[in-house]
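Here are some questions a careful newcomer might ask about how the words used for a protein structure are earned. Each reply sets a value against a cut-off and then concludes.

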Amino acid sequence: MNFTLTQDQQQIQQLARTFAEKELLPGVRERDEKSEFPLEAFRKLGKTGIYGLPYSTEVGGLGGSYLSYILAVEELSKVDASFGIAFSVDTSLYGGSIMNSSAPEAIKKKFLAPITYGEKIGSFGLTEHTAGSDAGGQRTVAVKDGDSYIINGSKCFNTNGPLADYTVIYCLTDPALGTKGMAAFVVEKGTPGFTVGKVENKMGIRSALVSDMHLENVRVPAENMIAQPGEGFKLAMKTLDGGRIGVAAQGLGIAKGAFEITRKYMMEREQFGKPICKQQYLAFKMAELQTKIQAAELLLYKAATCKEEGQPYTVPAAMAKMTCTNVAMEVTTEAVQLLGGNGYMKDYHVERMMRDAKITQIYEGTNEIQKLVISGQLFR
């Protein structure tokens, strides 16, 4: 058991950390207030190839480790969780759908290579207003028509939706079969009938763009089908397992970012004639939070390593997602409290981090669903 990061992993970690501090920290508060996504910065980071870190060079990726990708999401999310989730969806959910699929290598390369260097942006369309935790409640339908499929329906809560050049759409080819008839397609931006709907006004991750996506008689070439009828549900679940590791990294990054702001503040803020870090109760609170952060980190890195090494990772991913996101919520809530009145003000960032943390307990499988996944494996 080795807890030391490789030189390559440390380099990726440092690249992401430097980028976050130089490119994302300036203006992060303003972007939150205006719900504006830093598209130019997203494309700039993409030029490094970082969005294709965990994917093979044969399909245009960097051929790096999954842990390296997770470290990058974590570092970016310490500063800007909205950017972190846009990266995670682009790589874990869109990219994961492509790579986990049975599509020919040429199709994988066509739809993945432009993503890896930030030339194009990907999105993931599974959730519907009738299908959240119950993905089987889908109503979006694809009907075969010659060498194409005609898709009708709507998706909601699509992160990157308004920006996406490519969106993976999960839908039913035979509603009577339910998930046994689920397939998946890549739908390209600009396809007639494929439109962006309502852009959400959110509590947190406000600069990440999240929207409805509507499909009205959208004609998609059959070659864009990346999961055959009956394979779509399995592909979605496998992809979400990887995505949950990404969300866990986002949560851990939020927790670490808020913790560091609080630690520095406590060393500078004086009350009763001494820095408040000298108040034993407050110091002990920080000791507890740091221990929980470290425990969450171990679960996250284990899950990423399991995926990377081809070991079963469904349960490790669920454990990491649940733990890291719960820790994010706890740390940010305590950070606001420990900074007192200043914690409630936008200048210190922790109130934004608290708002950002909440969604991590909800998307890509609520933490209640993670408990179902974990407990389901306990009694087999």
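## From values to words

Q: Why is Glu364 called buried?
A: Glu364 has a relative accessible area of 10%, and the word buried is used for anything under 20%, so Glu364 is counted as buried in this predicted model.

Q: What is listed about the backbone of Glu364, and where does Glu364 lie?
A: Glu364 has a positive phi of about 55° although it is not a glycine, and it is found in the loop between α10 (350–360) and α11 (367–378).

Q: Why is Ile205 called buried, and where is it placed?
A: The relative accessible area of Ile205 is 3%, and the cut-off for buried is under 20%, so the word applies to Ile205. Ile205 lies in the loop between β6 (194–199) and β7 (210–221), and it too has a positive phi, of about 35°, although it is not a glycine.

Q: Why is Arg244 called buried, and which residues is it in contact with?
A: Arg244 has a relative accessible area of 7%, which is to be set against the cut-off of under 20%, and therefore Arg244 counts as buried. Leaving aside neighbours within four places in sequence, Arg244 is in contact with Ala317, Lys321, Glu364, Gly365, Ile369, Gln370 and Val373.

Q: What makes α7 largely enclosed by the rest of the structure?
A: Helix α7, which covers residues 232–268 and holds Arg244, has 27 of its 37 residues buried, so the helix is described as largely enclosed.

Q: How does the reach of α7 compare with the span expected for it?
A: From its first C-alpha to its last, α7 reaches 54 Å, which is close to the 54 Å expected at 1.5 Å a residue.

Q: Why is α3 called oblique to α5?
A: Helix α3 (residues 39–46) and helix α5 (residues 81–100) pack at an angle of about 50°, with their axes 12 Å apart. Angles under 35 degrees count as roughly parallel and 65 to 115 as roughly perpendicular, so an angle of about 50° belongs to neither group and α3 is oblique to α5. The contact is made by Ala41, Phe42 and Leu45 of α3 and by Phe83, Ala86, Phe87 and Asp90 of α5, and α3 passes α5 in a right-handed crossing.

Q: What makes α9 roughly antiparallel to α10?
A: The axes of helix α9 (residues 314–338) and α10 come within 8 Å and cross at roughly 155°. An angle over 145 degrees counts as roughly antiparallel, so the term fits α9 and α10. The residues making this contact include Lys321, Thr325 and Ala328 of α9 and Val350, Glu351 and Met353 of α10, and α9 passes α10 in a left-handed crossing.

Q: How do you know that Ala135 counts as buried, and what is it in contact with?
A: Ala135 has 7% relative accessibility, and buried means under 20%, so Ala135 is given that word. Ala135 lies in the loop between β1 (122–125) and β2 (141–145), and, leaving aside neighbours within four places in sequence, it is in contact with Leu126, Met182, Phe233 and Met237.

Technical notes. Residues are numbered from 1 along each chain as its sequence is written. This is a predicted model: local features need pLDDT of at least 70, side-chain atom pairs count only at pLDDT 80 or more; totals for chains, interfaces and linings use all residues. Side-chain values use heavy atoms; hydrogens and water are left out. Helices (H or I, at least four residues) and strands (E, at least two) are DSSP runs, numbered from the N terminus. Buried means under 20% relative accessible area, exposed over 50%, partly exposed in between (1.4 Å probe, protein chains only). Contact means heavy atoms within 4.5 Å. The expected span of a helix is 1.5 Å times one less than its number of residues. Axes are lines fitted to C-alpha atoms, for helices over the stretch in contact, and angles run from 0 to 180 degrees between N-to-C directions. A crossing is left-handed if the near helix is turned anticlockwise from the far one by less than a right angle, and right-handed if clockwise.
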